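Me: Please take a close look at how the two domains of this protein chain are arranged and how they meet. I would be grateful for one connected explanation.

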Amino acid sequence: MSFQQPVTHIQGVSLLSIIEEFGSPVYVYDANKIIQQIQSLKNAFDGTDNTIKFAAKALTNVQVLKLMKQNGVGVDVVSFNEGKMAELAGFLPEDIMLTPSNVSRAELQAAVETGYQLNLDSIPAIETFGQLYGPTKKVAVRINPGVMAGGNYKISTGHSQSKFGIAIQQLPELLTIVDRYKININGLHVHTGSEITDVGVFMQVADILLSTANQFDQLEFIDFGGGFKVAYKENDRVTDIDLLGKSLVKKFNDFCLRYGKKLKLYLEPGKFLVSEAGYFLTTVTVVKPTPTITFIGVDSGLNHLIRPMMYDAYHHIMNISTTQAETATYNVVGNICETDTLGAERILPITKVGDILSFYNAGAYGFTMASNYNARVRPAEVLVENGKARLIRRRENLDDLLRTQIL
Ligand code: LLP
């Protein structure tokens, strides 16, 4: 991926031809990039029995889940419905890890009865599980290590004020419940946050988790979560995956020796696998100079890509319709009746109506966080695989918007 020269083709297929064929706006994913990321993670964690469980919430399209499966990647889901999507992609229930937040009793039961590997993140949920199943089913627990890390507060999930996980200080309470109902805890899980660059943080959290692990004698796996940072701009800091792999594998193998059993190591990356594989293509509808700023309006907005407004996320923007050298500074905005700045103060080639703007890093939490706000339809999704572009989700229409309303 280049942040300086526009990416105009994926596997030889031109992005302009994709927008011509499938319309605008459209999410486009490069299967090769996904496979390359899988491979680099597998290489980095070579040396122990590991499974990559794709955090499906980043990109739940069933065709992408199929691609994951074909390439030996498992899946982590956060709702029962996501689990059903994974099953549609060919995953077996026992290969699906469900890590819900504030799970209802009904969803918990549905997951256990379907055969998903459940990962519970509160003591009340563990108690419910114990009352329902005692020692007859296995379950994992999500620990909150009390460590602040991640790209920003909203995507930090392992600190002491976070709603996620069972606080490490509550371990005695957890053990009491586990003992009371003779619950078979077969896994421990942690996910500290998204966009963690510092390998030291992962190691610190691993230490916390592994010192806890000694308290459970039926473990089969330890899940270290996701949160690996990729580049969103030129020279951006990223997680050193090779260093992380080497250090964590060593620590984990040493632990297994002490524990007396070879456990499985799980990872749950979302962004790492799909962020850079995605491009979101939009069409310029208006160029609007004002006394202070020149706006570029596109046929999309925060309804399709919420990350800039929700997290102040930076998504690189390229005009792929022009090669002209002269540039200007623009604010790229959407068509939603809200302030929906997609990119502020961007230097772009002189841009005109009809040009195509491509947003980078659109593979993770792009489409999956899209909405129908302002009664606008959600875009199409296209996967480029084996040198061919194919539609993997059609664009919505007015009927889709009305389908659930009682008219
Ligand atoms: N595992 C669990 C239990 C998670 O909650 C998450 C993300 C992941 C794995 C994957 O994290 P990743 O490798 O993608 O950083 N919508 C936000 C990110 C929220 C992440 C929520 N949990 C964004 O667009 O930045």
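Reply: Two residues are in contact when they have heavy atoms within 4.5 Å. By this criterion, 15 residues of domain 1 touch 17 residues of domain 2. The model is predicted: local features need pLDDT of at least 70 and side-chain atom pairs pLDDT 80 or more, while totals for chains, interfaces and linings use all residues. Residues are numbered from 1 along each chain as its sequence is written, and side-chain values use heavy atoms, with hydrogens and water left out.

The domain bounds, which come from an automatic or database domain assignment, give domain 1 as 9-25 + 278-362 + 379-394 and domain 2 as 31-273. Taken over C-alpha atoms, the centres of domain 1 and domain 2 lie 33 Å apart.

The chain as a whole provides the setting for these domains. Its secondary structure consists of twelve helices and 20 strands, where helices (H or I, at least four residues) and strands (E, at least two) are DSSP runs, numbered from the N terminus. The protein chain is as compact as a globular protein of 407 residues, because its radius of gyration of 22 Å is close to the 22 Å given by the globule rule. That radius is taken over C-alpha atoms, and the rule is 2.2 Å times the number of residues to the power 0.38. Along the principal axes, the C-alpha atoms fill a box of roughly 65 × 55 × 40 Å.

Among contacts in the protein chain with a separation of 6 or more, 69% join residues 24 or more positions apart.
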